[in-house]
There are 2 protein chains.
Amino acid sequence: MTHTLINKILRPPHLNIILIGSGNVATQLGIAFKNAQCNIIQVYSKQKSTSSKLAKLLKCKSTNNIKSINLSADIYIIAINDDAIKDVAKQLKLKDKIIAHTSGSIDMIALKSTSSNIGIFYPLQTISKSKTIDFSKTPVCIEANNNTTLAILNSLAKKISNNIYVLSSNQRKQIHLAAVFACNFTNHLYIIAEKILQKNKLPLSILYPLIEETAIQIQKQSPTLLQTGPAKRGDKKVMQQHLQQLGVDKELKQLYQLISKQIAENTSK
Amino acid sequence: MTHTLINKILRPPHLNIILIGSGNVATQLGIAFKNAQCNIIQVYSKQKSTSSKLAKLLKCKSTNNIKSINLSADIYIIAINDDAIKDVAKQLKLKDKIIAHTSGSIDMIALKSTSSNIGIFYPLQTISKSKTIDFSKTPVCIEANNNTTLAILNSLAKKISNNIYVLSSNQRKQIHLAAVFACNFTNHLYIIAEKILQKNKLPLSILYPLIEETAIQIQKQSPTLLQTGPAKRGDKKVMQQHLQQLGVDKELKQLYQLISKQIAENTSK
């Protein structure tokens, strides 16, 4: 398969792609592939309504029957819930067709029963269905079980992004963990800030410049050098006052104390 | 005093300002006032080297003797450590000159022994000495003990910012608490992410697009609607794997579990 496939990448006609999944990642990747003139020939999802909706958007066929998945495509991108990847992969027999999943935390070997050419195509971004992602800056982390598959996934990634990383499954898992802290947990802190402000009839927008600056300035200096605030200064009076302000919310107080303690410990190191 | 002062604001010559302090906030405000053609006539700091350095930058006089502070300025901006504000204010007798401090967490009444016209001039931004701040977008939170003082502080704020909020001391304290979560604690999460990546010889830069997107998208939708990740999905397998990855670091594990629990609770509400 490989020679024909490399020719396809180097010359039109383009790769034929099948998307397995119709959620946030499948939708946004589908749009990006389409915009990059890739040939998406089919969308599969167990939910008929969402697969046909995405297929309509991408102007391709759809199916909600796993046995009706077209077996003659070049690349299968499996963008579904982590828990479902192994099960769906088991039901697919693709021989030597390339299949790659998009998860940050699942091992590549979850796909080993499906094909002899397996890989990862993990876009490192927070992706919702409604907001179109600018993939050109989004890191795409790829991995494969052989060099030819890696080269082909690299070519596919290059069609949508300028920011490609070849990583092992372990490195990808570490990045995923770091991303949970830097994105999911950070968003939780934004939620807390919004709640504190809402209680006092103040809009979150008053914090937008501060939040933006905090996120941007770490691109110029390590966050270790940028820490400020009462915990960093060891300002016990202010911290005591903040705990009082948090009132009866024990869990918020616990979070305030735990992070403040860690900041103080980092400072004294 | 008020009539003359209002005339000064409406017509040149401009307000005469004295900066008390020579740290990050005093430096950046001084630069912003200078750029806005304000007359800074003196800088005071107990440390001779820093006061003269800032005075040189702002092309004005300096003193490190509190008794040598010029008593004929129009506005005194006191930008020093929270703990020192009350003590320094006690040593100043300014009659009816306007004095305002720049702290997020200290009551306005800390200045009551100094003058009959007191206020707050709190720029809501993370401010370091080395990086020049774009104050035009920075919220400046003002407060005063009378309307004339408030109008004059408002005029001064308008010279550097388009984003002015008139707030009570209580509202300002709540904003300061929210800012600790959204800026200081968020920066701590960035530090954790960087450490996880460094251990695996990966650069923090791989997360820049994700961090930026997370901070920017809350300007379009409430962070409550934007939460993603394993805790939100209730993906116990991934969370268990993450705890294993964190290894022997008990405090990090505790933080991971606490925030994940809070995200899950928010989700189920």
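Is Lys59(A) buried or exposed? I looked this up and found Lys59(A) exposed, because its relative accessible area is 71%; exposed means over 50%, buried under 20% and partly exposed in between, with a 1.4 Å probe and protein chains only.

**Entry: basis of the work.** I note that this is a predicted model, in which local features need pLDDT of at least 70 and side-chain atom pairs count only at pLDDT 80 or more, whereas totals for chains, interfaces and linings use all residues. Residues are numbered from 1 along each chain as its sequence is written, chains are lettered from A and ligands numbered from 1 in the order in which they are written, and side-chain values use heavy atoms, with hydrogens and water left out.

**Entry: backbone at two loop residues.** I placed Lys59(A) in the loop between α3 (48-58) and β3 (61-63) of chain A. Its phi is near 55 degrees, a positive value in a residue other than glycine. I record for context that most residues other than glycine have a negative phi. In chain B I noted Gln37(B), which is not a glycine and has a positive phi of about 65 degrees. Gln37(B) sits in the loop between α2 and β2 (39-44) of chain B. Gln37(B) is also exposed, with a relative accessible area of 53%.

**Entry: chain A overall.** I counted 11 helices and eight strands in chain A; helices (H or I, at least four residues) and strands (E, at least two) are DSSP runs, numbered from the N terminus. The C-alpha trace of chain A spans about 70 × 40 × 30 Å along its principal axes. Of the 269 residues in chain A, 55% are buried. I then took the contacts (heavy atoms within 4.5 Å). Among those in chain A between residues at least 6 apart in sequence, 51% join residues at least 24 apart.

**Entry: relation of the two chains.** I found that a turn of 180 degrees, with a shift of 0.0 Å along the axis, lays chain A on chain B with an RMSD of 0.0 Å. This is the relation of a two-fold axis. In chain A, the C-alpha nearest the axis belongs to Thr186(A), at 2.8 Å. The superposition is by least squares on the C-alpha atoms of residues with pLDDT of at least 70 in both copies. I also noted that 100% of the interface residues of chain A are interface residues in chain B as well, so the copies meet through the same surface.

**Entry: the sheet of chain B.** In which order do the eight strands of the open sheet in chain B lie? I read the order as β3-β2-β1-β4-β5-β6-β7-β8, with mixed pairing; two strands pair if DSSP finds at least two bridges between them. At the edges stand β3 (61-63) and β8 (164-166) of chain B, each with a single partner strand, so one side of each has no neighbour in the sheet. The twist averages 25 degrees from one strand to the next.

I followed one pairing further: β4 (residues 75-78) and β5 (residues 95-101) of chain B run in the parallel sense over four bridges. Ile78(B) has His101(B) as its bridge partner in β5(B).

Helix α6 (residues 169-199) of chain B packs on the sheet and touches β5, β6, β7 and β8 of chain B, at about 25 degrees to the direction of β6(B). Helix α5 (residues 147-160) of chain B lies across several strands, including β7 (140-144), and runs at about 165 degrees to β7(B). Axes here are lines fitted to C-alpha atoms, for helices over the stretch in contact, and angles run from 0 to 180 degrees between N-to-C directions.

**Entry: aromatic rings.** I obtained eight aromatic pairs over all chains. Rings of Phe, Tyr and Trp (its six-membered ring) pair if their centres lie within 6.5 Å; planes under 30 degrees apart count as stacked, over 60 as edge-to-face and the rest as tilted. Phe33(A) and Phe121(A) form a tilted pair, 5.8 Å centre to centre, with 55 degrees between the planes. The pair links helix α2 (residues 24-35) and strand β6 (residues 115-123) of chain A, its members being 88 residues apart. Phe33(A) counts as buried at 0% relative accessibility, and Phe121(A) counts as buried at 0%. I also noted a cluster in which ring pairs link Phe181(A), Phe185(A) and Tyr256(B).

**Entry: cysteines.** How many disulfides does the structure hold? I found zero over all chains, a disulfide being a pair of cysteine sulfur atoms within 2.5 Å. The sulfur of Cys141(A) is 14 Å from the closest cysteine sulfur, that of Cys183(A), which is too far for a bond. Cys141(A) is buried, with a relative accessible area of 1%. For Cys38(B) the closest cysteine sulfur is in Cys60(B), 12 Å away and too far for a bond. Cys38(B) is buried as well, with a relative accessible area of 4%.
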